[in-house]
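User: Could you take a close look at one part for me, the surroundings of the ligand? I'd like one connected walk through the elements that build them and what those elements pack against.

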Amino acid sequence: MKQLKTDIVVVGAGASGIGAALSAAENNARVILLEKGNKFGGAGMFGAQGLFAAGSRLQKASHINYSPKDAYVEMVNYTHYRSNTRLTKAIIDKSADTIDWLAKNGLQTELVNNTQEVHQNHPRVYHQYIDKFNGFQRLMNHFASLGGQLLTDASINSIDYVDGNIMHVTITHNDAKQQIDCSKVIFADGGFVGNHKMVDSYLTIDRDYLYSMGERKATGDGIQILAQLNADTSGLGVFENHAASVVSKTDPKWHNDTIFTLTNLPFLWLNRRGQRFVNEDIVYDFALWGNITYTNGGYYYFILDQPTIDYLKTHRLDWTDSFERTFKTLSHQDMTHTVGPFPTIEKDLQDAINEGAAVKEQTLAQIANTLNFDYNTIQQTVLEYNQIINSGFDSDFNKSEEFLQFPVSQGPFYAVQAQSTTLGTIGGIAVDEALHVLDKNGQIIPNLYATGNNASGMYDTSYPTLEGISCAFAWNSGRIAGEDAAKSL
Ligand SMILES: Cc1cc2nc3c(=O)[nH]c(=O)nc-3n(C[C@H](O)[C@H](O)[C@H](O)COP(=O)(O)OP(=O)(O)OC[C@H]3O[C@@H](n4cnc5c(N)ncnc54)[C@H](O)[C@@H]3O)c2cc1C
């Protein structure tokens, strides 16, 4: 078996792994970075567009008055103090410096408007990547120039860990087994959203209703190895619920622009019992929209009747598509605050029906029958909803008056199913503020670190509405772990 030697092995070359590997290399450690796939980046590159920071140079230059203290208070209140306060503080305190550090090493960001319309009054915190893919490449070039070694198609199998010391790590690299002698391992392999069995153990909804946009290669490898070493896994089970999606029952790649936009608007939504369950304008906050979908069994239906369809076919609607973001650098366009018209809406709905994602029926009784709703419940719900539209006041859930526009009165009726959507798992192994892995008694398991989606403590049940916080957690947790590991060699 081929033998390699290094100081630190970092498992996973996503946001937190690159953060860890580069920081450790900058602090004079010899580092081998393992990446399961054939390229680096993970969800931190293919998915994320930017990250949160408080008190950054860019914020100060724009006179944004939002300090690390403000962010800390907001975070711990959001989690009701069911979080790791020292870790939260460490991440937030480092966040401004990380923006400069990324820029210095080749990944520039710019402070844009918060991306969701509903967050426009929150102080600006979203630092959006500029030239993302080249920027990641520059970070990796810098890592290599410091002597860092990236092994792609390389996955960890096991570690030989005796009395707090790592003797060696066994990996599979290009289908061959290899051993790396090292003294510290940083697990940055992105959680376990790609592991169906683990997801089933922690998901509180049926997996059939979970649509994952997360990193498929994140299969909980590090978490499972650490669990065997008695690490505290009590934080597992937090999913990064994000919006809701209409999904084909047969074709995972299916996409229809019109259906996508309709999903992102606050029409009438019914849960699995045929009841209204929320002010549908929650659609404008991705985290909260994701949470309410998850909480309602993982799916709901949005309902349209024929007069609504006829209207949308020919009229522009003075609403914002919730996914219309203020991506200034990507599109350099302002939000339009309008959607439609949708001239092909009936064809598009038929497309969704063909994909098993929607139904069309002449009457509400038939809708009830097809979707297994109690007829009296849906009839009563629709009656009340139409009264709400007439009165211009949502006495049930206080949906904003501007969205009380479309009654549901005349068939045929369409019900389109929207499903829970996740960006990944964000509850993992318990860590301290230096990202050391903790055991079930809260004690450090020496020489082992968990970062990014592998670590727990920043969130309680869901991810907060602070834009860019999960990527910020990944970069900052990686950096802190990399520095700590290198300095304590
Ligand atoms: C579509 C999408 C959009 C997003 N947008 C944002 C956003 O705008 N802002 C934000 O804050 N967050 C966003 N996120 C979340 C953010 O990307 C994650 O929080 C962050 O990437 C987590 O970092 P990580 O290092 O833990 O995991 P990742 O960045 O996913 O990296 C994990 C890496 O580990 C590798 N790996 C897995 N198993 C092994 C193994 N056994 N051995 C070696 N390597 C392994 C994987 O291949 C992967 O490269 C988004 C996520 C998605 C999916």
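Analyst: Helices here are DSSP runs of H or I with at least four residues, and strands are E runs of at least two, both numbered from the N terminus. Keep in mind that this is a predicted model.

Let's start with the shell itself. The ligand is surrounded by 40 residues, and the closest are G12, G14, G42, G47 and G452. Sorted by class, that shell holds 16 nonpolar, 18 polar and 6 charged residues. Several elements chip in with at least two residues each: α1, α2 (42-46), β4 (50-52), β8 (154-162), β17 and α16. The top contributor is α16, which supplies 5 residues.

Now take those elements in turn, beginning with α1. This helix covers residues 15-26 and packs against α6, residues 132-145, with the two axes 9 Å apart and at an angle of about 35 degrees. Their crossing is left-handed. On the α1 side the contact uses I18, A21, L22 and A25, while α6 brings L139, H142 and F143. In terms of class, that contact comes out as 6 nonpolar residues, 1 polar and no charged.

Next up is β8, another contributor to the shell. β8 runs antiparallel to β9 (residues 165-173), and 8 bridges join the two. If you want a spot to look at in that ladder, D160 has H168 of β9 as its bridge partner. The hairpin has 2 residues between its strands, and D163 there takes a positive phi near 50 degrees.

On to β17, which also supplies shell residues. This strand spans residues 413-425 and pairs with β13 in the antiparallel sense, over 4 bridges. One pair to pick out is S245 with Q419, the latter sitting in β17. What about the partner strand, β13? With 20 or more other C-beta atoms within 10 Å as the cut-off for a buried residue, 7 of the 7 residues of β13 (residues 239-245) are buried, so the strand is largely enclosed by the rest of the structure.

That leaves α16, the biggest giver to the shell. The loop between β21 (455-456) and α16 (469-487) is where you'll find D460. D460 counts as partly exposed because 18 other C-beta atoms lie within 10 Å, and that falls short of the 20 needed for a buried residue. Setting aside neighbours within four places in sequence, D460 touches T79, H80, R82 and S83. For a sense of distance, its C-alpha atom is 26 Å from that of V185, with the two positions 275 residues apart along the chain.

V185 can take us over to the sheet. Six strands make an open sheet with mixed pairing, in the order β7-β3-β2-β11-β20-β19. At the edges are β7 (149-151) and β19 (436-438), each pairing on one side only. On average, neighbouring strands are turned by 35 degrees against each other, ignoring direction. At the β19 end, 2 bridges link β19 to β20 (residues 444-450), and the two run antiparallel; L438 has I444 of β20 as its bridge partner. Helix α8 (residues 221-228) packs on this sheet, where it touches β2 (8-11), β11 (184-187), β19 and β20, and its direction makes about 175 degrees with that of β20.

Terms used: Residues numbered from 1 in each chain as written. Predicted model: local features only at pLDDT ≥ 70, side-chain atom pairs only at ≥ 80, totals over all residues. Axes fitted to C-alpha atoms, helices over the stretch in contact; angles between N-to-C directions. Left-handed = near helix turned anticlockwise from the far one by under 90°. Contact = placed C-beta atoms within 7 Å. Nonpolar A, V, L, I, M, F, W, Y, C, P; charged D, E, K, R; others polar. Buried ≥ 20, exposed ≤ 12 C-beta atoms within 10 Å, placed from the backbone. Pairing = 2+ DSSP bridges. Near = placed C-beta within 6 Å.
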